[in-house]
Amino acid sequence: MTPAAAGSTVGTKRMWANGPLRLWSPIRASGCQMPLANSGFGGAYVCGACLVPVAGVYRVFDRLQGQQSWFCAMCKNRAK
Ligand SMILES: [Zn+2]
């Protein structure tokens, strides 16, 4: 899965203030099939550290940024 594929409408969007990043597209697109309440279509969540789309993200305290963030399992374990 390549979020920045040429010609793709798919980017990333933060779901709410200090919330997780998610693949997002203004129109239904490959990888973004789920209609969202606000607008557009959502896909996989994206790790706030390595920026890779993953099946699930975990809420962690990011010491580098001094705020709550959302990491994949690998980055979560590294941030401990
Ligand atoms: Zn990660």
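**View 1. Met74, a partly exposed residue of helix H1.** We start at helix H1, residues 73-79, which contains Met74. As with every view here, the model is a predicted one. Is Met74 buried, exposed or partly exposed? Met74 has 13 C-beta neighbours inside 10 Å, and a residue counts as exposed at 12 or fewer and as buried at 20 or more, so Met74 falls in the partly exposed class. Look across to Cys50 as well: 24 residues along the chain separate it from Met74, and the distance between their C-alpha atoms is 9.4 Å.

**View 2. The nonpolar core and the strands that supply it.** Fifteen residues make up the largest nonpolar core, and Leu23, Val46, Cys47, Val57 and Phe71 have the most contacts inside it. Three elements give two or more residues each to this core: strand E2 (21-25), strand E4 (41-46) and strand E7 (67-71).

**View 3. The hairpin of E6 and E7.** Stay with E7 and bring in strand E6, residues 58-62: the two run antiparallel and are joined by five bridges. Which residue of E7 is the bridge partner of Tyr58? That partner is Phe71, one of the core residues with the most contacts in View 2. Four residues lie between the strands of this hairpin, and Gly66 adopts a positive phi near 65 degrees.

**View 4. Thr9 and its contacts.** Thr9 sits in the segment before strand E1 (11-14). Leaving aside residues up to four places away in sequence, Thr9 touches Ser25, Pro26, Ile27 and Ala29. For Ser30, 21 residues away along the chain, the C-alpha atom is 9.3 Å from that of Thr9. Thr9 counts as partly exposed because it has 15 C-beta neighbours inside 10 Å.

**View 5. Asn18, with a positive phi in a loop.** Here is a backbone angle to check for yourself: Asn18 is not a glycine, yet its phi is positive, at about 65 degrees. The residue belongs to the loop between E1 and E2. Asn18 is classed as exposed because 12 other C-beta atoms lie within 10 Å.

**View 6. Leu51, another non-glycine residue with a positive phi.** Where does Leu51 lie? Its place is in the loop between E4 and strand E5 (53-54). The phi of Leu51 is positive, at about 60 degrees, although this residue is not a glycine. With 12 other C-beta atoms within 10 Å, Leu51 meets the cut-off of 12 or fewer and is therefore exposed.

Note on methods
Residues are numbered from 1 along each chain as its sequence is written. This is a predicted model: local features need pLDDT of at least 70, side-chain atom pairs count only at pLDDT 80 or more; totals for chains, interfaces and linings use all residues. A nonpolar core is a set of buried Ala, Val, Leu, Ile, Met, Phe, Trp, Tyr and Cys residues joined through C-beta atoms within 7 Å. Two strands pair if DSSP finds at least two bridges between them. Two residues are in contact if their C-beta atoms, placed from the backbone, lie within 7 Å.
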